[in-house]
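Trainee: I am new to this structure. Please take me through the sheet in detail.

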Amino acid sequence: MNSGSTRRELIIGGVAAAVGTAVPTPSAAQTPSSEVELADLKAAEKLAGVEFTDEERKRVLATVRSLRPQYAAWRAAGIGYGDEPATRFTPLGGGSRPNARVQFREKLPNVQRPRSDEDLAFMTAREHAALISAHKLTSVELTNLYLARLKRYGPKLLNVVNLTEALAIAQAEAADAEIASGHYRGPLHGLPYGLKDLFAVRGYPTTWGANTFEHQKFDHDATVYTRLAAAGAVLVAKFSMGALALGDIWFGGQTKNPWNLSQGSSGSSAGSSSATAAGLVSFSIGTETLGSIMSPSMQCRVSGLRPTYGRVSRHGAMALSYTMDKVGPICRTLGDCAMVFAAICGEDMDDPSAVNRDFVFPARLDWKKLRVGSLLSDAVEATDPVTQFLKSKGVTILKPKFSRVPDGLTAILSVESASAFEEFTRTGVAKNLTNSPWAETFRAYRYVSGVDYLQAMRLRTKVMHLFEKELEGLDMVLLNGNGGPLLAMTNLTGHPQVHIPMGQTESNTSVGRSLVGRLYQDDLLVTVGAAIQEHLQIYRKRPDMTKI
C-alpha cells in the first residue's frame, strides 16, 4: 500500500475491500445541500425504520435545522481523539465503596404534641418521628389527618393523582402495632409520605402525568418505595407531575403553588413540592433531570435535595434521561431530607448506576476550614443572611468563576428521552399526548445520529473534568434561587445540590438559595444547609390555608 496514503483514503479503501466494490471519493456535485428539507427527513426515516406524516415533519423541521449549528459548536470545542464518551455514566471518582457508612445520627427533637391539627400537619418529619417514637402520636392518627387534608386541599391544588388510602391505613396500623410491641424500625416508622407519580407501586396506576398513561399499572414496585416500606413509612398518595416529567401541567390540570394560587407549582416534581408546602404529608419524593426538584422547591418554598447521580436507585421509575435522572427527597427542612435520604440511598442490583457511598448526618466539620464559593452579586451578598451566617462561623467566602455549558449539550437529555420513548413515538401513541411538547421533541431528536450523540457525550466528559478543576479549593458553592448558571452544568456532571427556601419578595415572589456540593459529599452539603436553616428558622413559615 502506498505509504503516502492519507488516513481518509485508507478508510475508504478498507470499506471498498469489505463490500467488494469501488467507493467513489465525494465530489462537489455530491455535496449535500446546506439546508435540511422535508425530503431529507423522509429519507432519514427510512434508515431509522419509522414514518411520520408531512404535517409532523413540518412541525419539527425548524428544530432539526437548529441542530446543525449545535453539532458545529461541539466540533469547534476541540474534542480530542482520546476523549472518551460517558456512555456508562459515572460521576468522576464514582463507584461503590465496600465499607461505606450510611447513618442518620441526629438526635430527634424533644417536642410536645401541638393542640391543633393544623400545627401538627406543618411539623417537620423529624418532629413527627419524635412524637411517634415517644408514643405521643400514632401513625394512624397522623395518616388519617393527612388523608383528610389530601381530600380537602388536593382537588384545589391539583397535586394528587391518586390516593393510596387502603394501603396507607394498613401500613399505619401495622406501624402502630410494631411500635407498641417494641419493634421500632427507625425515624421514618409510621410517617405518611407521597411519591411523584412516576414510581411504580403494585395495585395502583403510575400515570407519568400523561393522559395516554392514565390507567397504566405495573406488576413490580420501585426500589424507592420498597426501601421506604422497609423503613416503616406510610404511602398516602401518588402526586402529580408535568406530563412525562416536564413542567407542572398534567392531565388533571396545572398543579398550584399553595403560597400563591395564581401560580403553578413549577415542575416536574410539581405535586410533591406543592403537597409538602401545604402540609399534606410529612415528606415526599421527587426526581430531577434538569431542575425538577430544585425549581418546584424554590417556587413552593420547601427544601429539596438532588443527590449525587447514582446515590439513589432509579429502578421502577419512569426513565427520561438514563444518564441524568436523579431521585431525591422534598421536605420542610434539609434535616428531614437527610433522614429520608439515609433510608433510600445505596446499591441496587436492579440499577447498575446505584452505588454505596458514605452518608453520615450530621457530618463532622470545622467551620473555619470550610471554603464556600459565592456566585451571589455583591449587592445581594451585602445583606444576604446566608452569607452573614457563614461569615459568623468563620467560613472563607471566595468568588470563583465557572465556564458555561457548551451550546446544545443538554440535547443529551432530548436524545435519551427520544430513545426512552422510541416505541411511544414509532407506534403513533405520541400523537395523543396533550398539554406537552414532548411528542415533537421525540420526533425531532429521532434524527440525531449515534455518532453525534457520542460526540456530545465525549464533550461532556471534558466538561466534567473542567468543572472539577474549577471547583478545586472549594467545599461547595452558594447560588441564588434554583442554581441559575450551575443548574444545567451540575445536572450534566452529576453534582449534588440543595435548595433552602428564604421566603418571598414584596410582590410575593419566592426567594431561595442553593448550595452545590462536591461529588459524593452529600452529607457535608446537607449538614451545612441544615445548619443555615436552623439558624434562620424561615422554614417555620407556612401558607395561609384559609385562602385555598
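Mentor: Start with the strand order. In this predicted model, eleven strands make up an open sheet, and their pairing is mixed. The order across the sheet is β2-β4-β3-β9-β11-β10-β16-β17-β15-β13-β14. Look at the two ends. β2 (160-163) and β14 (396-398) are the edge strands. Each has a single partner strand, so one side of each has no neighbour in the sheet. Now follow the twist. On average, neighbouring strands here are turned by 25 degrees against each other, direction ignored.

Next, zoom in on one pair. Strand β10 covers residues 303-306, and strand β11 covers residues 326-331. These two pair in the antiparallel sense, over two bridges. For Ser303, the bridge partner in β11 is Cys331.

Then see which helices lie across the strands. Helix α7 (residues 165-180) crosses β2 and β4 (234-239). The angle between α7 and β4 is about 160 degrees. Helix α9 (residues 270-277) lies across β3 (192-196), β4, β9 (283-288) and β11. Relative to β9, helix α9 runs at about 150 degrees. Strand β4 thus appears under both descriptions: α7 lies across β4, and α9 lies across β4.

Finish with one residue in another helix. Val463 sits in helix α17 (residues 450-470). Its relative accessibility is 9%, so Val463 counts as buried. Setting aside neighbours within four places in sequence, Val463 is in contact with Pro406, Leu409 and Met489. As for Leu413, 50 residues from Val463 along the chain, the C-alpha atoms of the two are separated by 16 Å.

Methods:
Residues are numbered from 1 along each chain as its sequence is written. This is a predicted model: local features need pLDDT of at least 70, side-chain atom pairs count only at pLDDT 80 or more; totals for chains, interfaces and linings use all residues. Side-chain values use heavy atoms; hydrogens and water are left out. Two strands pair if DSSP finds at least two bridges between them. Helices (H or I, at least four residues) and strands (E, at least two) are DSSP runs, numbered from the N terminus. Axes are lines fitted to C-alpha atoms, for helices over the stretch in contact, and angles run from 0 to 180 degrees between N-to-C directions. Contact means heavy atoms within 4.5 Å. Buried means under 20% relative accessible area, exposed over 50%, partly exposed in between (1.4 Å probe, protein chains only).
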